[in-house]
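Visitor: I should like to learn how to read the packing of helices in a model such as this one. Please take me through it feature by feature.

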Amino acid sequence: MIAIKNLTVRLSGREVIKNINLEIAKGKTLVVMGLSGVGKSTLLRCIIGLMKPAEGAIYIGGKEITRLSYSDLDKVRKKIGMVFQSPALFDSLTIGENVAFGLREHTNFPEEEIQRIVAEKLAIVDLEGKENLMPSQLSGGMQKRASLARTIATNPEGILYDEPTSGLDPIMSNVINQLINNLKEQFGVTSIVVTHDLESAFMVGDEIAMLYQGEIVGKGSPQEFKRSTSPIVQQFIQGSIQGPIKV
Ligand SMILES: Nc1ncnc2c1ncn2[C@@H]1O[C@H](COP(=O)(O)OP(=O)(O)OP(=O)(O)O)[C@@H](O)[C@H]1O
Ligand SMILES: [Mg+2]
């Protein structure tokens, strides 16, 4: 479903991502972990076409997207939703209008159907009946969940989640983890989840990969990842101050 081949990204002359390769099969979840500033959000921005890599190719459903025209890219974007690290809601629209946004852009559903879908998606993220509130009236975690509802409103085939549980309490984190798993199990959604949250990573990941200094330093099933012989992966999992990662 998603394949990344020899991807290199340069930002301000620095190679943030160095020749990485990743593949995510349809209906699977890949977790990408890594230290703050390592390039995880940058990687997701490339996959959704918001940023052009310096080198390499990104295939979504077999289509190479890094050199597409804007209108062709827009078609691919309808298939892939992104939950941004900061909620990125439209401040001047109600929560209901925010969630309805993609539906109004991409479908011709009648108003009643749009309202029904909005209510259904808000209920999934535990924001039932919050349609008429403005984003500024919601807590940070609620905004995050509203942005998730907006992403899932159009039933994308693939979802990129940028730290979906950061800033959420442990119970709400689990609601989101279960939502990620439900979308996979019920609808075969293919996902990439960027997170620092180990519990979440082990709960949702079919595979976990760690990005370090622009490269993939460890990749495997949650069990394989936990048993990784890479001292970098082990230091990260244990959160140790001592080790190859300099703090
Ligand atoms: N537009 C930009 N121009 C120049 N440098 C950038 C730009 N965007 C990001 N960077 C740099 O690229 C690196 C990777 O940033 P990125 O946001 O992808 O990290 P991250 O892994 O998502 O971090 P975090 O876990 O804190 O969200 C950082 O060093 C950042 O300063
Ligand atoms: Mg980030």
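Guide: Let us begin with one pair of helices. In this predicted model, helix 3 passes helix 5 in a crossing that is right-handed.

Visitor: What describes the packing of two helices in general?

Guide: A packed pair is described by two quantities, the angle between the axes and the distance between them. In the present case, helix 3 and helix 5 (residues 140-152) pack at about 30°, and their axes are 7 Å apart. Angles under 35 degrees count as roughly parallel; helix 3 and helix 5 are therefore roughly parallel to each other.

Visitor: Which residues of helix 3 and helix 5 meet?

Guide: On the side of helix 3 they are Ile-95, Asn-98, Val-99, Phe-101 and Gly-102, and on the side of helix 5 they are Ala-146, Ala-149 and Arg-150. Sorted by class, this contact of helix 3 with helix 5 comprises 5 nonpolar, 2 polar and 1 charged residues.

Visitor: At what angle does helix 3 pack with helix 4, and how far apart are their axes?

Guide: Helix 3 (residues 95-106) and helix 4 (residues 111-124) pack at an angle of about 125°, with 9 Å between their axes. Helix 3 and helix 4 are therefore oblique to each other. The crossing of helix 3 and helix 4 is right-handed. Helix 3 contributes Gly-96, Val-99, Ala-100, Leu-103 and Arg-104 to the contact, and helix 4 contributes Ile-114, Ile-117, Val-118, Lys-121 and Leu-122. By class, the contact of helix 3 with helix 4 has 7 nonpolar, 1 polar and 2 charged residues.

Visitor: Which residues of helix 3 are buried, and what covers them?

Guide: The buried residues in helix 3 are Ile-95, Gly-96, Asn-98, Val-99, Ala-100 and Leu-103. Their cover includes helix 4 and helix 5. Val-99 is listed in the contact with helix 4, and Val-99 is also listed in the contact with helix 5.

Visitor: How should burial be read for a residue in a loop, for instance Thr-195?

Guide: One counts the other C-beta atoms within 10 Å, and 20 or more make a residue buried. Thr-195 has 24 such neighbours and therefore counts as buried, although its place is in the loop between strand 8 (190-194) and helix 7 (198-204). Setting aside residues up to four places away in sequence, Thr-195 touches Val-31, Met-33, Glu-163, Thr-165, Ser-200 and Ala-201. The C-alpha atoms of Thr-195 and Val-32 are 6.6 Å apart in space, with their positions 163 residues apart in sequence.

Visitor: Is Ile-17 buried or exposed?

Guide: Ile-17 is buried, because 25 other C-beta atoms lie within 10 Å. Ile-17 belongs to strand 2 (residues 14-24). Beyond its neighbours within four places in sequence, Ile-17 is in contact with Leu-7, Thr-8, Val-9, Gly-39, Thr-42, Leu-43 and Gly-214. Between the C-alpha atoms of Ile-17 and Val-194, 177 residues apart along the chain, the separation is 15 Å.

Visitor: Where does Leu-50 lie, and how is its exposure classed?

Guide: Leu-50 is in the loop between helix 1 (40-47) and strand 4 (55-60). With 14 other C-beta atoms within 10 Å, Leu-50 is partly exposed.

Visitor: What is the sign of phi at Ser-12 and at Asn-155?

Guide: The backbone angle is read residue by residue. At Ser-12, phi is near 45°, a positive value in a residue other than glycine. Ser-12 is found in the loop between strand 1 (2-11) and strand 2, and with 5 C-beta neighbours inside 10 Å it counts as exposed. At Asn-155, phi is near 50°, again a positive value in a residue other than glycine. Asn-155 is placed in the loop between helix 5 and strand 7 (158-162), and with 15 C-beta neighbours inside 10 Å it counts as partly exposed.

Visitor: How does the radius of gyration of the whole chain agree with that of a compact globule?

Guide: A compact globule of 247 residues would have a radius of gyration near 18 Å, and the chain has 18 Å, so the two agree. The C-alpha trace spans about 55 × 40 × 35 Å along its principal axes. The chain holds 9 helices and 10 strands, and 39% of its 247 residues count as buried. Of the contacts with a separation of 6 or more, 62% join residues 24 or more positions apart.

Technical notes. Residues numbered from 1 in each chain as written. Chains lettered and ligands numbered in written order. Predicted model: local features only at pLDDT ≥ 70, side-chain atom pairs only at ≥ 80, totals over all residues. Axes fitted to C-alpha atoms, helices over the stretch in contact; angles between N-to-C directions. Helix = DSSP H or I, 4+ residues; strand = E, 2+ residues; numbered from the N terminus. Parallel < 35°, antiparallel > 145°, perpendicular 65-115°, else oblique. Left-handed = near helix turned anticlockwise from the far one by under 90°. Contact = placed C-beta atoms within 7 Å. Nonpolar A, V, L, I, M, F, W, Y, C, P; charged D, E, K, R; others polar. Rg over C-alpha atoms; globule rule 2.2 N^0.38 Å. Buried ≥ 20, exposed ≤ 12 C-beta atoms within 10 Å, placed from the backbone.
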